[in-house]
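User: Please take a close look at one part of this model, the metal site and the ligand beside it. Keep it brisk.

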Amino acid sequence: MTRIFDTDFVATQNDSHRAALDEEYDALGRKLERQGTDIARITAAAEAFTVAIPSWGVGVGGTRFARFAGPSEPRNIMEKLEDCAVINRLVTCTPSVSPHFPWDRVDDLTEVRDTAAAYDLSFASINSNTFQDQPAQALSYKFGSLTHSNPATREQAVAHNIDCIEYGKILGAKSLTVWIADGSNFPGQQHFSNALERYLESMRTIYAALPDDWRIHIEHKMFEPAFYSTVIQDWGTSVLCAMELGDKAFSLVDLGHHAPNVNIEMIVARLIQFRKLAGFHFNDSKYGDDDLDSGSIHPYQQFLVFNELVDAAYRGVEGFDPEYMLDQSHNITDPIESLMSSAMSVQRSYVQALLVDRPALDGYQQENDAIMASNLLKAAFETDVSPILGRARANAGGAIDPIACYRAGAYRDALASKRPALSGTSSGIV
Ligand code: LRH
Ligand code: MN
């Protein structure tokens with residue numbers, strides 16, 4: 001990894017922030033103490049919080065209209081890991097990477113595993129890809145993959161997912177995330193039930209290939225690239241399939257995969273209640289699957305999602321063990337800056353949710369005291385927990401101000417000689 005962000009460099013950068021952090025931390029500590037909350041306990045929880053980085057997120061993303069290449073972009077999984085290591089070095093809460101195949105495919109995955117380990121990185125959920133055709137692929141996924149009307153195409157897609165499990169075993173992962181683009185663009189084009197039956201048949205074969213200690217994550221999405229119907233369109237279809245498949249199948253919530261104004265935190269509560277919450281692809285959106293930076297548009301919604309998660313842990317819900325991952329497309333920002341900001345935003349929502357006085361909330365709910373219940377949540381959300389996040393990073397040897405530290409390191413310039421700029425504009429999310 002680049003030596004730029006070594007211990008001395010980060011410590012020197014922190015020097016100019018330390019006094020203010022200490023003062024603000026002590027002041028917040030006194031404020032929380034008056035509420036009966038021990039700031040040290042909250043800070044320890046913040047230090048233990050982690051969210052995985054999507055390997056495809058460290059490259060510059062695009063839309064169907066254009067992708068504008070950035071300076072010193074990573075060109076392969078090794079360079080992506082190098083960038084993920086910088087992110088974790090500075091924000092200290094992103095120790096794992098969620099890879100995507102075949103985008104991250106290389107011949108020797110043991111070398112990838114060992115390189116990641118050298119960066120103190122591990123691997124989170126493995127993402128399969130049957131939404132694009134690969135060079136020399138026998139059968140096209142134009143009209144679907146796991147639900148394609150042609151059994152041979154379904155077999156091809158099933159085989160790819162089973163290959164992904166094998167890649168994951170080498171990398172030390174413990175789950176497979178399956179998002180499929182399968183659907184239709186015209187009423188009448190696809191038989192809804194037959195397509196879902198074919199999905200379940202394919203997924204049963206993939207499920208049977210899972211090691212005992214693995215999980216399979218079903219990711220629903222309302223639309224795109226299918227624009228009339230999507231086979232796994234909503235959480236209801238997802239959870240029904242997870243229940244149909246068995247104890248190792250769960251439903252993953254990508255925040256951007258819902259219509260505007262959908263009550264996502266209630267969907268999370270439902271999946272927790274029925275022990276089927278796989279975890280999350282955190283991002284934000286205003287219209288469609290915009291894949292914007294987490295917390296950049298609806299920070300209160302993100303807080304309310306964590307309010308449900310912290311409540312589940314508080315109630316000791318059995319088997320509650322969601323995987324947290326980011327899934328974003330960085331079209332105009334430096335992906336490292338966006339991923340650091342987003343990881344800190346998700347961590348912030350978690351810490352704010354820890355400040356909720358749950359016995360008091362329960363009381364107001366019992367008494368139907370809506371104002372006090374709502375204000376109690378808002379009070380936690382409106383608490384500036386920046387000193388706790390800064391202290392947690394400093395305690396872990398990270399940067400008090402990661403963006404400032406990153407910019408001071410001029411990382412992209414330093415890599416310019418090693419990573420030639422990718423030319424021209426293309427289109428597509430990666
Ligand atoms: C689909 C999705 C899925 C990934 C892809 C990169 O929109 O959210 O999780 O496979 O983005
Ligand atoms: Mn996703």
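Analyst: Here is the metal site, followed by the ligand pocket.

This is a predicted model, in which local features need pLDDT of at least 70, side-chain atom pairs count only at pLDDT 80 or more, and totals for chains, interfaces and linings use all residues. Residues are numbered from 1 along each chain as its sequence is written, chains are lettered from A and ligands numbered from 1 in the order in which they are written, and side-chain values use heavy atoms, with hydrogens and water left out.

Start with the metal. Glu219 (OE), Asp254 (OD), His281 (ND1) and Asp327 (OD) coordinate the manganese ion (ligand 2) at 2.1 to 2.2 Å. Donors here are N, O and S atoms within 2.8 Å of the metal (3.2 Å for Na, K and Ca); water is not among the atoms, so sites may look incomplete. The manganese ion (ligand 2) has six donor atoms, and its site is octahedral, with angles of 72 to 170°. Six donors count as octahedral if opposite donors are over 155 degrees apart and all others between 65 and 115. The ideal angles for six octahedral donors are 90 or 180 degrees.

Along the sequence, the donor residues follow the spacing E-x34-D-x26-H-x45-D. Glu219 and His281 link distant parts of the chain: Glu219 sits in strand S8 (residues 215-219) and His281 in strand S11 (residues 277-282), 62 residues apart. Strands are DSSP runs (E, at least two residues), numbered from the N terminus. Glu219 is buried, at 4% relative accessibility. His281 is buried too, at 1%. Buried means under 20% relative accessible area (1.4 Å probe, protein chains only).

Now ligand 1. Twelve residues surround ligand 1, and His100, Glu219, Lys221, Asp254 and Asp327 come nearest. A residue counts as near if one of its heavy atoms lies within 4 Å. The shell holds four nonpolar, three polar and five charged residues. Ala, Val, Leu, Ile, Met, Phe, Trp, Tyr, Cys and Pro count as nonpolar, Asp, Glu, Lys and Arg as charged, and the others, Gly among them, as polar.

Three side chains each place a polar atom by an oxygen atom of ligand 1: Glu219 at 2.7 Å, Asp254 at 3.0 Å and His257 at 3.1 Å. Taken alone, ligand 1 exposes 300 Å², and the protein buries 97% of that. Accessible areas come from the Shrake-Rupley method with a 1.4 Å probe.

Glu219 and Asp254 thus appear twice: both coordinate the manganese ion (ligand 2), and both are among the residues nearest to ligand 1.

Methods:
Polar contact = N/O pair within 3.5 Å; in protein donor to acceptor, adjacent residues only side chain to side chain. Tetrahedral: all angles 85-135°; square planar, octahedral: opposite > 155°, others 65-115°. Helix = DSSP H or I, 4+ residues; strand = E, 2+ residues; numbered from the N terminus. Buried < 20%, exposed > 50% of the residue type's maximum accessible area, 1.4 Å probe, protein only.
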